[in-house]
Amino acid sequence: MARRIPSLNALRAFEAAGRHGRMTLAADELHVTHSAVSRQVQQLEDVLGVPLFEGPKNSLRLTDAGTRLLAGLSPAFDQIDMAVRLVADTDDGPLDVSCPGTFAMRWLIPRLHRFQTLHPGIEVRLTSSAKPVDFTRDSFDVAIRVEAGPWPAGTEATVLFGERSGPVLSKALARSAPRNFAGLPWLHSRTRRLAWSDWCARTGTPMAGGTETEYEHLYFMLEAAMAGLGVCIAPWPFVFADIKAGRLTAPRGFIESGKDYVALRRARRHRKSALFCDWLQAEAREFIAAS
C-alpha cells in the first residue's frame, strides 16, 4: 500500500521549527530563508487541515496536533539520518565519536586540532559516554572505551595504550603524606568506585585511608586533588600534563590496571572512521614516547 506522506521538505521545515521553537533557527539549520520555512509549514498545515503552530509570530508555540506530529517526526528523521550515515562512505562530513567525558577533556580535545588540520572536511562531534558499545543500537561512528577484551562482536578495535593508574595528590599535601597515605582524605568518583580497592590489592597496600569523599565525575575528583583536598587514584593519561606542570605529584608511580584504551568502530569500510582511528593510534604512539 502506498504511503500517504506530505512533502518531505515541508515535514523537515516543520520538524526543525518545532524542535528549535523558532523559524529563524530552523532556517539557519536548513540553509534556507525564514520565509521559505514559513511557507513550507503553511503548506503542510493546508495538506493536514489542522494548525500546527499558534500564537504571535515572535512567540510561536505548538498546538496539540503540532506536538503529536513533532513527537513522531523527530525520531523518524534521526533514524533516516542514521540509515544514511551507515551506508555512506565519504572522507568528509560529520563523524560522531563517543568517549568518556574526562578522556575527552584531558586527552582527546587538547590534541583534536591536529586532526582538524589534517582533515578540515571532517567535523568531529563528541558525546560523553562510557556505556558498553552496541553498534546495532548506537548511532555513533567511533567509540573510545577503557576495557579488557574481547571486544563486542561486529567491531574493529584499535588499541591505543594500556591503562596505568596510581595515587596522585598536590605537592603541598604530599610533603607530609605517609607511603600508604594513611590518615589522608581518600577521594573517589562514582564512575570508578573500586579504584582504591583495586590499586591496594595490586600493590599489597593496606586500606588505611582517612575520611572518604565521592565525586559525581572523575574530573571533579581530579580538580579536588589539585586543590589539596585529598589523594585519589587517577589514570596516567588524565594527569600527565598536571604532573609535568607541577600541579600534581605521583609518589608511588603508576601500575597497569589490566585494561586498554581502545577505539572501536563497525567492522566495515568507512573512510572517516578509519582516518580518525589511524590518527588516534599515531597520537597514542607519540604520547607513549613522550611520557
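This note goes through the pocket, the salt bridges, a surface patch and some backbone features of a predicted model.

1. The largest pocket. In this predicted model, the largest pocket holds about 740 Å³ of space. Its lining is made up of 29 residues, and those closest to the centre of the pocket are V146, E163, T191, R192 and L218. By class, the lining residues divide into 13 nonpolar, eight polar and eight charged.

2. Where the lining comes from. At least two residues of the lining of the largest pocket are supplied by each of helix 5 (101-118), strand 5 (142-147), strand 6 (155-168), helix 7 (195-203), helix 8 (218-226) and strand 10 (255-266). Several of these elements return in the points below, including strand 6, which holds E163, and helix 5, which holds F115.

3. A salt bridge at the pocket. E163 and R192, both among the residues closest to the centre of the largest pocket, form a salt bridge in which the closest N and O atoms are 2.9 Å apart. Because E163 belongs to strand 6 while R192 sits in the loop between strand 7 (186-189) and helix 7, this pair ties together parts of the chain that are 29 residues apart in sequence. The two partners may be read with their accessibility in mind: E163 is buried, at 3% relative accessibility, whereas R192 is partly exposed, with a relative accessible area of 24%.

4. A charge network. Beyond that pair, R106, E223, D242 and R247 are joined into one network by salt bridges that share partners. In the structure as a whole there are 14 salt bridges, and the general background is simply that side chains of opposite charge can pair when their charged atoms come close.

5. A salt bridge between two strands. The side chains of R265 and E156 also meet in a salt bridge, with an N to O distance of 2.9 Å. Since R265 lies in strand 10 and E156 in strand 6, the pair ties together parts that are 109 residues apart in sequence. Here R265 is the buried partner, with a relative accessible area of 9%, while E156 is partly exposed, with a relative accessible area of 35%. Strand 6 and strand 10 each supply at least two residues to the lining of the largest pocket.

6. A salt bridge with two partly exposed partners. E54 and R61 meet through their side chains in a salt bridge of 3.6 Å, N to O. E54 is partly exposed, with a relative accessible area of 36%, and R61 likewise counts as partly exposed, at 46% relative accessibility.

7. A nonpolar patch on the surface. V47, L48 and V50 make a nonpolar surface patch of about 240 Å². Of these residues, L48 has its place in helix 3 (residues 34-48), and L48 is partly exposed, with a relative accessible area of 37%.

8. Positive phi angles. Most residues other than glycine have a negative phi, and a reader checking the backbone may therefore wish to look at two residues that depart from this pattern. H31, in the loop between helix 2 (23-30) and helix 3, has a phi near 60 degrees, which is a positive value in a residue other than glycine. F181, in the loop between helix 6 (171-174) and strand 7, likewise has a positive phi near 60 degrees. Their surroundings contrast, for H31 is exposed, with a relative accessible area of 72%, whereas F181 counts as buried, at 1% relative accessibility.

9. Contacts across the sequence. F115, which has its place in helix 5, counts as buried at 0% relative accessibility. The C-alpha atoms of F115 and L275 are 9.3 Å apart in space, although these residues are 160 residues apart in sequence. In a second pair, T249 and P167 are 82 residues apart along the chain, and their C-alpha atoms are separated by 8.5 Å. T249 belongs to the loop between helix 9 (236-245) and strand 10, and T249 counts as partly exposed at 22% relative accessibility.

Terms used. Residues numbered from 1 in each chain as written. Predicted model: local features only at pLDDT ≥ 70, side-chain atom pairs only at ≥ 80, totals over all residues. Heavy atoms only, no water. 1 Å grid on protein atoms, 1.4 Å probe; cavity = no way out; pocket = protein on both sides within 12 Å on 5 of 7 lines; lining within 4 Å. Points joined across faces, edges and corners; volume = space filled by probe spheres on them. Helix = DSSP H or I, 4+ residues; strand = E, 2+ residues; numbered from the N terminus. Nonpolar A, V, L, I, M, F, W, Y, C, P; charged D, E, K, R; others polar. Patch = residues over 30% accessible without salt bridge, like charges linked within 9 Å, V, L, I, M, F, W, Y side chains within 5 Å. Areas by Shrake-Rupley, 256 points an atom, 1.4 Å probe, with all protein chains shown as cover. Salt bridge = Lys/Arg side-chain N within 4 Å of Asp/Glu carboxyl O. Buried < 20%, exposed > 50% of the residue type's maximum accessible area, 1.4 Å probe, protein only.
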